[in-house]
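Reader: Could you pick one part of this model and take me through it up close? I'd also like to hear how the surroundings fit in.

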Amino acid sequence: MLWILTLFITMTSVNVLAQALPELDYIESEITKLSAENPKNEVLIGQYETLKARVASLDEKRNKRDEYLKAITQFPVQRERLMKSIDSVESLDIFKTDQLVKFSDLSQSIASLQAALVEWRTSFQTKSEQAKQLGTARTELPRSLAQLDRQIEKANLAKSDKGEVIDQWLELSNLTSLKLDREVLAAELQSLDERTEIVRLERQLLDRKIKLATPLVIDLQERLTQVEQASVRELIDQTNKLRDQRDSLTLPEQQRLDRLTTFAEELEQVLVEIDQARITVHEVDSERRSLTSELRLIKDNLNWLRDSTAFGDSIRAQLQRLPTVVDSSEIPNSIANAHIRKYEIGQTLDDFAVSKSVSEIQQSTEPVDELSQLTQLVLKQLTDSYDKLIVALSKLQTSKSQYVLEVNGARTFLQQQQLWSRSNVPLWQHLTSFEHEVWFGDQRPFIERFQQLSKEQLITVGSLVAFYSATLFVLYIRFSKRAISRRLEYQKIFGHPLKDKFRFTLILSLMASLRAIALPLWFGMTAYIVHWLWPISSSEEIKTITFAAMTGLFVVEVIFSLSSPKGVLDLHLSWPSYICEYLHAGAKRVRWPLILLLVAIYAAELAAGSKEAEISRVLFLALIGSMLAVYSSLLKKQHLPSTFPSPFNQGVSLFVIRAVVLGSFVGILAMAIVGLYVASWVLLIYQQLTIFVILGGLFIYQLAERFLKLEHRQLTYQRLLERREELIAQQQEQADEPPELAELRESMPDVEERALDSEQVSEQSITLLRGLSLIGLVIALLTLWSSALEMTSQLNNVVVWQVSETTEAGARLVDITIQSLIYAVITLLVTMVGVRNLPGVLELLILRRLDLAPGSGYAITTLLRYLILVGGVLTVFAMLGFQWSRLQWLVAAFGVGLGFGLQEIFANFISGLILLFERPIRIGDIVTINELSGTVSKIQTRATTIIDWDNKEIVVPNKVFITEKLINWSLTDPVTRVVIPIGVAYGTDVEKVESLLYQIARENPLVLEEPSPYVVFLAFGASSLDFELRVHITAIEHRLSTIHLINKNIDKLFRENNIEIAFPQMDIHVRDWPNKPS
């Protein structure tokens, strides 16, 4: 009564305050009047808008408060009504189905119940969420009330009776709104118990309805099936009666009866399949609902369950109950076969219809016999039954698909909860007492379990184990001998520039892996056989333990094989010999203690069954301690770290690696001791897989490095051979030349195709290898740990910005997340590293194996670099949400601006691409452009370098080669023509001159016979008879030598034959000569 009185007084005071506030109509009129003024007072209009919103919300808050108070006053009535409803659920009309016998009534009742079940389950889930929210409100509402009290106190202190009216109204409306908010929260808290009870009763009512309706639907389905099958059974009975009269029928009728009998048996089988499919659907749906309710119960009570060790046992049991495989692969085939069979039966019915039509056309008066009528009825019923079977199988497929999703989701959720739940009590609580069941998981010892196996099983298993053990041992010995012989064979040719091949390293690595499989395979096969024969169920973790043990044994065996003397690590990868000896001896020492410890852990887990045994935890701690000692020795600076790439093999980096690896072992040890046993196992597996991935990445990197070194060695050797052959050819050519030609040989610029030197090729290829190896290692580790930590999914949930993307369905928003940014940065880094180091890798791996024309290698490399750069940048833009449809106008405008501002640069760039594509000039070509002649030495995207006859390098913009007149003396054919003009005096014998010139051309060794030399009498000059000698030579570098020799011989022969070489003459005629002085 005191509370009600307080509430009444508070409500009265609020109403008094509210009466001082203006009405909504007045506020709206003031806003209209202020909006019509010019200029508008935006501040005052905003104040009135705020006041309007506050006043409008007061009625809504009062109504909400009244609803909570109404829940208190109406609680007894609602509670009594719900109790009566719960007691009278069975009398509802929807559950009155005992008198239903007709097919239509049963079908309608099933449909109604199924629709009601869907509605009731949805309502039950909604009420469960409400109950959870009410439980949360019980702790949140008092805090919210205290916060509102502080706000009301501040509002009272800030309230003032001075100032503008609008300011007073705003303060008053704020205070009124706060007090109403407090009333709403107070009423909500006061009605919390009543509302919680009402929700509980509603859930109880819905649960009662669901429990009554679920078996009733199954019962009605069975009754409907019986009604459906009644007429079918009648047809089958008629068929059986006819079969009893088979001996009295003729042979054709007996054949038709046999066919009818086959159809009837098929019909009966289809009915059985329909029943089985419907039953399976109900079973799957029931299991799925049970699983969903269990998971919902766990999620609702997750906060306080995590600290209980019983929760860990419960999760362990639930994981074992989950089906490992839900097979639904045969359902699509069954549906397809049903469709095919239905089509075949339809064809048979069509044949009957055609026969009937023919009989009607022929006006046959023969009556249709009973056998034909019955066959048609059976076929029609069979068609209908196949339709029902297809529907039932489709429902079964849908149910199983949903169940698979539920099972996978439940397994993931339970495994996540199991990971961070206490599966055991702290170890020190069991050290003071010894209970057989606590330490070994069962009261019965291991020997007693072993004795439950029959003698025949033991003999069979023993024979099988002996067989594959002997087989694996023989294979191990053979592979070992083969590996030793191959190792000695490859050792003899190791380091040879031509005989040493990378495939030898791969063969030895593969043989080491095959040799290392034997022991892990024996352990896995033995563990699987023992697990299969064991008389009690064991935990699912034993499969994980077996796989982890096989992986560990395989790594130890691989290290043992690879570190053999003069083996892969020692000889091929150049590891220090003392490290290989240390690894080889260490792997040999660790092998058998590791096997014994793993077998002991496996036996302990097997004996414990589905329970936890402390002996397995103690053995696990022993395993962790042993591994900690091994890794402490391995990570000493003089051991394994000396093979790490710089800077990970020294200083702070090595300290961090040691701290992370050894510290993780200490953390796993502590987790196992305090009770997080499952989590410690999982972390150990992921830790070891991480270490194995890193070591495997290091091994693959060093293999790739050896491959590149061998390719670099062969490239250097190939270049030396080519240079040697070139020098020999030059020396031979010079030796074959006459002395006078050797003296006259013109010194041309020595231009070769632009190629990277060997050191640059090696540096670029190793840099690219390191970059790609690091990126691949990061991706592998992220992929490995994403399944455990869900790192990538968390990064994908953090949205940085959103972009609008236009699709066929319309515009939609696409999230750009941190994961997208990381992938974009990785793509950009890969692009930059690839573009920077691509020439060396191409030269090393591809170009040197191709017979390319001069300049082709540089063209291919340049084009590929631009393609990779453009592709990488476009991919990065796509990852960041920049669509080409939105960027094309910006790119076009930007291109126009650059075209005007950097016109010459872009012209030269495009011209460079044209030169690389069309190749009118190549490196080594002799060209003439304008007045410049020389040899092309470099072709780049902006300019081309030409070395002239004075051995000066002249840089010519590429645009000139496209727009100006270009002469390429060696583009298609190096043969060129030399024209030598000769002028002889008037009166000289023309025939003799021509003969002498032909003789000079024929005697010159540089002049080609084909095309033949040609002498032309051109003109009568002012002072001479003008001749031309036209000859062809093999290359332009012989041009000056040829002209020199020909001119020299012309002078010699013309002197011997008294032929005067004309020179300019001038005749002077004096018309007026002055008289001599007297």
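Author: Here's a walk around one helix, then out to its neighbours and a few other spots.

First, the ground rules. This is a predicted model, so local features need pLDDT of at least 70 and side-chain atom pairs count only at pLDDT 80 or more, while totals for chains, interfaces and linings use all residues. Residues are numbered from 1 along each chain as its sequence is written, and side-chain values use heavy atoms, with hydrogens and water left out.

The helix I'd pick is α4, residues 75–87. Helices here are DSSP runs of H or I with at least four residues, strands are runs of E with at least two, and both are numbered from the N terminus. From first C-alpha to last, the 13 residues of α4 reach 18 Å, close to the 18 Å expected at 1.5 Å a residue; that expected span is 1.5 Å times one less than the number of residues.

Which residues of α4 are buried? They are F75, L82 and I86. These residues sit on the same side of α4, because they cover an arc of only 40 degrees around the axis. The arc is taken from the directions from the helix axis to the C-beta atoms. As for the word itself, buried means under 20% relative accessible area, exposed means over 50%, and partly exposed is in between, with a 1.4 Å probe and protein chains only. Turn α4 around, and on the other side you find V77, K84 and D87 exposed.

So what covers the buried residues of α4? The cover includes α3 (42–73) and α7 (192–244). Both of those helices take part in salt bridges too, meaning a side-chain nitrogen of Lys or Arg within 4 Å of a carboxyl oxygen of Asp or Glu.

Take α3 to begin with. K52 pairs with E28, with the closest N and O atoms 3.8 Å apart. That pair links distant parts of the chain, K52 in α3 and E28 in α2 (residues 24–36), 24 residues apart. K52 counts as partly exposed because its relative accessibility is 29%, and E28 is partly exposed as well, at 35%.

Over on α7, E202 bridges to K127 with the closest N and O atoms 2.8 Å apart. Here the link runs from α7 to α5 (residues 103–158), and the two residues are 75 apart. K127 has 18% relative accessibility, so K127 counts as buried.

While we're at it, S177 is worth a stop. You'll find S177 in α6 (residues 165–190), and its 10% relative accessible area is why S177 is called buried. Leave aside neighbours within four places in sequence and S177 is in contact with L58 and K61, contact meaning heavy atoms within 4.5 Å. There's also a network of salt bridges linking R65, D66 and E183.

Further along the chain, K342 and D387 form a salt bridge as well, with the closest N and O atoms 2.5 Å apart. K342 lies in α11 (residues 330–361) and D387 in α12 (residues 370–419), so the pair ties together parts 45 residues apart in sequence. Both ends are partly exposed, with K342 at 28% and D387 at 29%.

If you'd rather look at a strand, try T945 in β5 (residues 943–948). T945 counts as buried because its relative accessibility is 9%. Outside its neighbours within four places in sequence, T945 is in contact with T935, V936, S937, K938, E953, I954 and V955.

Finally, step back to the whole thing. The protein chain comes to 32 helices and 10 strands, and buried residues make up 38% of its 1078 residues. The structure holds 22 salt bridges. Among contacts between residues at least 6 apart in sequence, 77% join residues at least 24 apart.
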